[in-house]
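Let's take a look at how charged pairs and nonpolar packing are arranged in this chain. Here is the model to keep open while you read.

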Amino acid sequence: MSSAIRVGILGASGYGAGELLRLFVQHRQVEVVWVTSTSIGEPIARLHPHLRGFYDLHVVAGPDMDQLLASEHAVIFSALPHGLSGAAIESVLREFADHPAASRLKILDFSGDFRLADETLHRQHYPESPPLPDCRRNFVYGLPELFADRVRTARFIANPGCLATAAILAAAPLITRAFTGTVAIDAKTGSSGSGRTLKETTHHPTRHADFRAYKPLAHQHEPEILQAWGDPHGNRIHLSFVAQSLPTARGIFVTAHATLPDESDTPTLRRVYESFYAGRPFVRVVDESPTLQDVVGSNFCDVAVTCRGRQVIAMAALDNLVKGMAGMAIQNMNLMCGLPETEGLWTPSFRPV
């Protein structure tokens, strides 16, 4: 039996799969054995030309579980859209439930189909996605900075949303069990977060030199953020969230505004942040404002905090395709397979972008 981590990818054509494959080039333990898509027979380099010369893979119609499970660690990444991913995962689990090595299979889902533990919240925010309650109860929310112990023992991971990841990490050190009040999140994101399929709002002539907000107070990441902060229904934390479109391809910048119950100062809160994220290799607490150029292309999330009395501003910057998607998934996979979470990910940003 192979000791490598054998990987299969559902949904090979999107940015998520392309970023996974790019990052796996430098991962010493991973062997990608198949990728699926509707473009059956296409070489992966035709879907993702920047991978030319790195893979001999061709798209296949469906999973080859015998090939995948002929290894100690067998991992499926689903890079399919909301509404399709959960159903595809359930189909794989049902079809191969009797496979003698099925218990070795691990799955990481990029979509929102399993992020919300509460089925009612899921129906409200992902109406296009079936509830799949039997699958849902087995998925763990995969944010290692907050839930590493759960991730290590999980077989099924719901990868966090990119905007949610930045928002959660920006303010998590402030959110104690005693915290009550309003947290206002201003989240700016690059166009690749909307996926590879052309849309009017991500079309270059529309997005270039423009700026706009979307889904104010109605974004599907709101309950996900509250869930990670331990208050999924917003009983004590009142979340105000607005996403905004940056005229860039990659990157997320979040500003979180909160009011503390007691007065504090910047040095004190910086020490709180440094203590909270001690031992978390991919969160860097910085003195000044984070910048996109310092994180784009990497799995780092840079955070900063400043305080005046009870008023707090916390900031976070990350790459939506790496720390906000594929890099986070690999970080989760590393923990699930007993590897250092930095394996294959310890690389700086693209600066300058």
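## A buried pair late in the chain

The side chains of Glu341 and Arg280 form a salt bridge, with N to O at 3.1 Å; the term stands for a side-chain nitrogen of Lys or Arg within 4 Å of a carboxyl oxygen of Asp or Glu. Glu341 sits in the segment after H12, while Arg280 is in the loop between helix H11 (266-276) and strand E12 (283-285), so this pair ties together parts 61 residues apart in sequence. Helices (H or I, at least four residues) and strands (E, at least two) are DSSP runs, numbered from the N terminus. Both Glu341 and Arg280 are buried, meaning under 20% relative accessible area (exposed is over 50%, partly exposed in between; 1.4 Å probe, protein chains only).

## What the numbers rest on

This is a predicted model, so local features need pLDDT of at least 70 and side-chain atom pairs count only at pLDDT 80 or more, while totals for chains, interfaces and linings use all residues. Residues are numbered from 1 along each chain as its sequence is written, and side-chain values use heavy atoms, with hydrogens and water left out.

## More charged pairs

By the same distance rule, the count comes to 17 salt bridges. One of them joins Glu145 and Lys323 (2.9 Å, N to O). Glu145 belongs to helix H7 (residues 144-152) and Lys323 to helix H12 (residues 322-336), so here the linked parts are 178 residues apart in sequence. Both of these residues, Glu145 and Lys323, are buried too.

Then there's Arg250 with Glu19, at 3.0 Å from N to O. Arg250 is in the loop between strand E10 (237-245) and strand E11 (252-265), and Glu19 is in helix H1 (residues 15-24), 231 residues away. Glu19 is buried, with a relative accessible area of 3%. Through shared partners, salt bridges join Glu19, Arg22, Arg250 and Asp319 into one network.

## The greasy parts

Now for the nonpolar cores: sets of buried Ala, Val, Leu, Ile, Met, Phe, Trp, Tyr and Cys residues joined through side-chain atoms within 4.5 Å. The largest has 46 residues, and Val7, Phe24, Val32, Phe77 and Met333 touch the most other members. H12 gives the most to this core, with seven residues.

Which residues does Val32 contact, leaving aside its neighbours within four places in sequence? They are Val7, Ile9, Leu21, Phe24, Tyr55 and Leu57, where contact means heavy atoms within 4.5 Å. Apart from the largest core lies another, of 45 residues, including Leu143, Cys162, Ala228 and Cys307.
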